[in-house]
Amino acid sequence: MKQILATKRLFLREMGQEDYSDLSSLLQDRAVMYAYEHDFTAEDVQEWLDRQLRRYREDGYGLWAMILRETGEFIGQVGLTRQDAAGEEVLEIGYLLKHAFWHQGFASEATEACKEYAFQILHAPKVCSIIKADNIASQKG
């Protein structure tokens, strides 16, 4: 798969069908997905993955696999997507991280790299993060 970015502890790369199992464990974990209004079925996971593959082709970016450099383990996803924010289409940095990797700075490290990518590579005029009001940890980042 195509590597997009590298940080001190992470590789960010495009996802592929071979990531389905890891993506399922992420998207079907209620602790991780508490901000979503429904549980994810196997079909929902496949649709999510297909949406990323389409974004890579059409936009040149999307949500990427977050890979721990030390072990090669898939620990989450992070990247850039176009989202509606109060009627305005914005470029958003979003992420989901496996629960076992929360509160270790991985999300901050990955989102900072995505922000730099958005400004330096995509020449975005602005970048947003849409955060659930009760997600205090993400608001701090």
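Which residue in strand 3 does L12 stand opposite? In this predicted model, the residue opposite L12 is M66. The two strands concerned are strand 2, residues 10-13, and strand 3, residues 63-68. Their pairing is antiparallel and runs over four bridges.

This pair belongs to an open sheet of five strands. The strand order is 1-2-3-4-5, with antiparallel pairing. Strand 1 (3-6) and strand 5 (88-97) form the edges. Each edge strand pairs on one side only. From one strand to the next, the twist averages 25°.

Helix 1 packs against part of this arrangement. The helix spans residues 20-27 and lies across strand 4 (74-85) and strand 5. Relative to strand 4, helix 1 runs at about 70°.

The connection between strand 2 and helix 1 was examined next. D19 is placed in the loop that links these two elements. Is D19 buried or exposed? Its relative accessibility is 3%, so D19 counts as buried; the cut-off for this class is under 20%. The side chain of D19 makes a polar contact of 2.8 Å with the side chain of R13. Residues up to four places away in sequence aside, D19 touches R13, E14 and F74. R13 lies within the range of strand 2, residues 10-13. F74 falls in strand 4 (74-85), one of the strands that helix 1 lies across. The loop residue D19 thus combines burial with a polar side-chain contact to R13.

Note on methods:
Residues numbered from 1 in each chain as written. Predicted model: local features only at pLDDT ≥ 70, side-chain atom pairs only at ≥ 80, totals over all residues. Heavy atoms only, no water. Pairing = 2+ DSSP bridges. Axes fitted to C-alpha atoms, helices over the stretch in contact; angles between N-to-C directions. Contact = heavy atoms within 4.5 Å. Buried < 20%, exposed > 50% of the residue type's maximum accessible area, 1.4 Å probe, protein only. Polar contact = N/O pair within 3.5 Å; in protein donor to acceptor, adjacent residues only side chain to side chain.
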